[in-house]
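The exercises that follow ask you to read a protein complex step by step, each with a worked solution. Please look over the sequence and the structure before you begin.

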Amino acid sequence: MCFKNLPIEFDAQGKPFLRAGVANPYGPSSAMPRGAPAQLTPDRIEDLLKRNGFIKDLDFDPVTRVAGALAFHTVVDFRARKVLEARSVATLFRGYEVIMVGRDPRDAIFITSRACGVCGGVHSVTSAMAIEMAIGCVPPPLGILIRNIALALEFLYDHPLHLHLLAGPDYSAAMVGPTNPSLLDRARSAPAPHAEIHGFRTIGELMEDLNPLSGKLYLEALHMTRVAREAYVLICGKYPHPQTIVPGGMSSTITLTVMNEMFIRLAQFFDYSKKLAAIWDDLTEFFYEANPAYQQVGARRANLIDTGIFDDPQAYDATYAGAAAWGERRWATPGVIVDGQLVTTDLHALNIGVEEFVEHSYYEEWSGNGQRQRFPTDPVGNPLSPYHPWNKVTKPRPQGQNWKEKYTWDTAPRWDRQSMEAGAYARLWNTAVARKLPQNPFIESTGTSLKLRLPKGALPELELEWKVPAVWNAFERNRARAYCTGFTALIALNNWLAAMERLKQGDTRTSTPFEIPQRGEQRGVGFWGAGRGYLTHHLTLDRGAVANYQILTPSTWNASPTDRWRQPGPYEEAVLNTPLLEETNDPEKFKGIDVLRAIRSFDPCMPCTTHIHSDAGVITREVNTCACGIDDEA
Amino acid sequence: MRVIVAGVGYRNLRDHSVGVTVADRLLDRRWASDVVVEDLSYNPIAVGQRLEDEPAGRRFTRAVVVGAVERGGRAPGAVTAYRWDGVLPSDEEIQRAVTEAVTGVIALDNTLVVTRHFGALPDDVVVIEVEPGVQEFGESFSEPVARVVDQVCELVVRLATDAEASARLPRAALGGMVSAPRAWSAG
């Protein structure tokens, strides 16, 4: 029984059904999130601002060192040093859902890739998987293995980039010095426990080399992004927008030479992963020891969601009916964690619990007013909400910003009506506790941790152990991302070995021929992941063309606004719980570093195509800030 | 003396594709062995790494970089050419440029700032900017930009092959002569 709020129960065979006697099962009052935190009302905040001089607005616009356009509004009590209101604002519209309608579904692989200039390939594959499911096309084993390796390589680009280019500077001497000088003084004499792995004698030295632009760790991360990118290009042809992803596999030609060239690059991440884990262990423990209040920076309930990734070629059959089974055979287990407890690993339960709300978003409601719900059930008869992506229609309605009403281009996705967060760490957490990991020599799921046996390089062989954390906060997000680099490299290694075995047997087929049916209606969903976590594309085809296309990205979850129940989105909740530990009492000198650490720990990635609207809300032209300008106007 | 001629921009984004189109057209020409033409419309960090890959002693000594840049204050189709003075913005701005570079933004200014900061650009950089008129999906240029594309190609050829011609250009900050009308311009 994984649903606590939605009136969904399971029969003896585990088949979900709507509880009898609930007149409007998906109505706002039929299923309210219980025990969730709530934002203060805008009226209450206005009143506090009027009556107290020490309570002030503090806006971060834009939030820098994130991908894409994010702004953040807070109201801060400088006397109590806490945040009273937090509002996450996606300032640009991602119009891919509108762009895709009426197109040949194969276009989606190339068009939706442009949603992100960091990890476009993940969208390509998710799209290909949605099409595969809709048309019934299963990739051959080598195609699945290469797809897994490609995804791992994208993460090996993404994680170092985030850790040492985007989030890392928040912990650098250049940032800690001005905001917390006493902490930097302490760091300079604090020995680094893992010096033999990362090479920094003190935490202060480590902080110096996290300095942006000049620090060795910053520059090394730039170099490692190149290594991962080169490896990716060897098997996918192009980065970040591959041309080799097709429904039914990959169009690349994979040879032993390609595999060996790729391995030379992959192997560099074994040592680098050891170093990353050691660095983020040392940084995290230093901050906790210096001031235990840092454990509250970015803290929120451990509510995590992930679809799982990296398929088992023996299990993946591209069907929705089989998703519950093939999902659990993935190298990263799908799952939903609520308040730190794993409640399901079943992709069907995960999928039917998803809803998207737009009360505070610049969109019109698509349900209600007597409109028929397009799909009352999923393809195997499980109940679906009218707010589910397969039922959602994107209806942009730009308007003025108003905290009481609408203030963001992001929607509010919820699972079982709860605010969930996505990230690399959800992957680790689910896999660690579910104990469904395939047998392999390198990674072990213990039920409370993941053991990672990283091969010898310049550094000796090393076993890392990521343990499910007791607190969930900004530091643990970054630490988990560092460990996830090793986890990812080892998954790539497992898949590389399996692919080499296939090649040795003469099995070089990477794709399955397919045709797009020109009759009838089909549905599919790609359950996949970005470096930042959860990624789904829900697709409906009608007579060979896209009738509906809905993308749900990790940052849609994480940057989501407050919902109709006043439940804040993950960034908002994390910032509301963040104490202001910066060493200044002068609001004019205040940099908001703790708030920024909280936000950046999620690795925000705001999909980056902007569409400019006329007053009537019709898209008239666009500004592309992503890597390629292939989008059509709607 | 080795010269790289580089186009920077987006494909299929009408006037903002001018850098890419110029590079494509010039690739078809016959060049002396010391001139390399490339489309550098990708992550500027990767562009820098590509330039650094040239072996010692064969690093490029001059770059001629062309692309559309919306500066405002210029008519659509206006062409501005100058030798970049190489002055970088503040560290904060460079950090922003790096963030944009690694997260997928392709822009002429960004490419120059990032590659200069990391020491990948040659000292001698000639910039040719075209003021775009429209920014939307499509393969065709607006009329004012279409009118100058051939002229831009010829200008690039001259500045890539005639050191004296490029030396005659004024040195200017990014944006060239927008606020100080000293650089060569046409259109």
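**Exercise 1. Describe the order of the elements in chain B, and how the chain is built overall.**

Read from the N terminus, the elements of chain B follow the order β-α-β-α-β-β-α-α-β-α-α-β-β, where helices (H or I, at least four residues) and strands (E, at least two) are DSSP runs numbered from the N terminus. This comes to six helices and seven strands. Residues are numbered from 1 along each chain as its sequence is written, while chains are lettered from A and ligands numbered from 1 in the order in which they are written. The model is predicted, and local features need pLDDT of at least 70, side-chain atom pairs count only at pLDDT 80 or more, and totals for chains, interfaces and linings use all residues.

For the overall form, take the radius of gyration, which is computed over C-alpha atoms and compared with a globule rule of 2.2 Å times the number of residues to the power 0.38. Chain B has 15 Å, in agreement with the value near 16 Å for a compact globule of 187 residues. Its C-alpha trace spans about 45 × 40 × 30 Å along the principal axes.

**Exercise 2. Decide where the model of chain B deserves caution.**

Begin with pLDDT, the predictor's confidence in each residue, from 0 to 100. Its mean over chain B is 92, and 94% of the residues reach 70 or more. Next, compare the elements: within chain B, strand S1 (residues 3–8) has the highest confidence, at a mean of 98, whereas strand S7 (residues 184–186) has the lowest, at 49. Just as relevant are residues 178–183 of chain B, over which pLDDT stays under 50. Where pLDDT is low, the predicted coordinates should not be read in detail. For the complex, the predictor gives an ipTM of 0.90 and a pTM of 0.93.

**Exercise 3. Find which face of helix H7 in chain A is buried, and what covers it.**

First apply the burial rule: a residue is buried if 20 or more other C-beta atoms, placed from the backbone, lie within 10 Å of its own, exposed if 12 or fewer, and partly exposed in between. In helix H7 (residues 181–188) of chain A, the buried residues are Leu183(A), Leu184(A) and Ala187(A). Seen down the axis, these fall within an arc of 100°, so they line one face of the helix; the arc is that of the directions from the helix axis to the C-beta atoms. Pro181(A) and Ser182(A), on the other side of H7(A), are exposed. Finally, the cover over the buried residues includes helices H6 (173–179), H9 (203–209) and H12 (268–290) of chain A.

**Exercise 4. Trace the largest nonpolar core and the surroundings of Leu428(A).**

A nonpolar core is a set of buried Ala, Val, Leu, Ile, Met, Phe, Trp, Tyr and Cys residues joined through C-beta atoms within 7 Å. The largest has 248 residues, and those with the most contacts inside it are Leu428(A), Val64(B) and Val156(B). Helix H5 (residues 141–167) of chain A gives the most to this core, with 17 residues. Contact here requires C-beta atoms, placed from the backbone, to lie within 7 Å. Beyond its neighbours within four places in sequence, Leu428(A) touches, by that rule, residues including Leu450(A), Trp466(A) and Phe487(A).

**Exercise 5. Classify Ala470(A) as buried or exposed.**

Locate the residue in the loop between strand S15 (462–467) and helix H16 (474–504) of chain A. Ala470(A) has 9 C-beta neighbours inside 10 Å and therefore counts as exposed.

Key: Contact = placed C-beta atoms within 7 Å.
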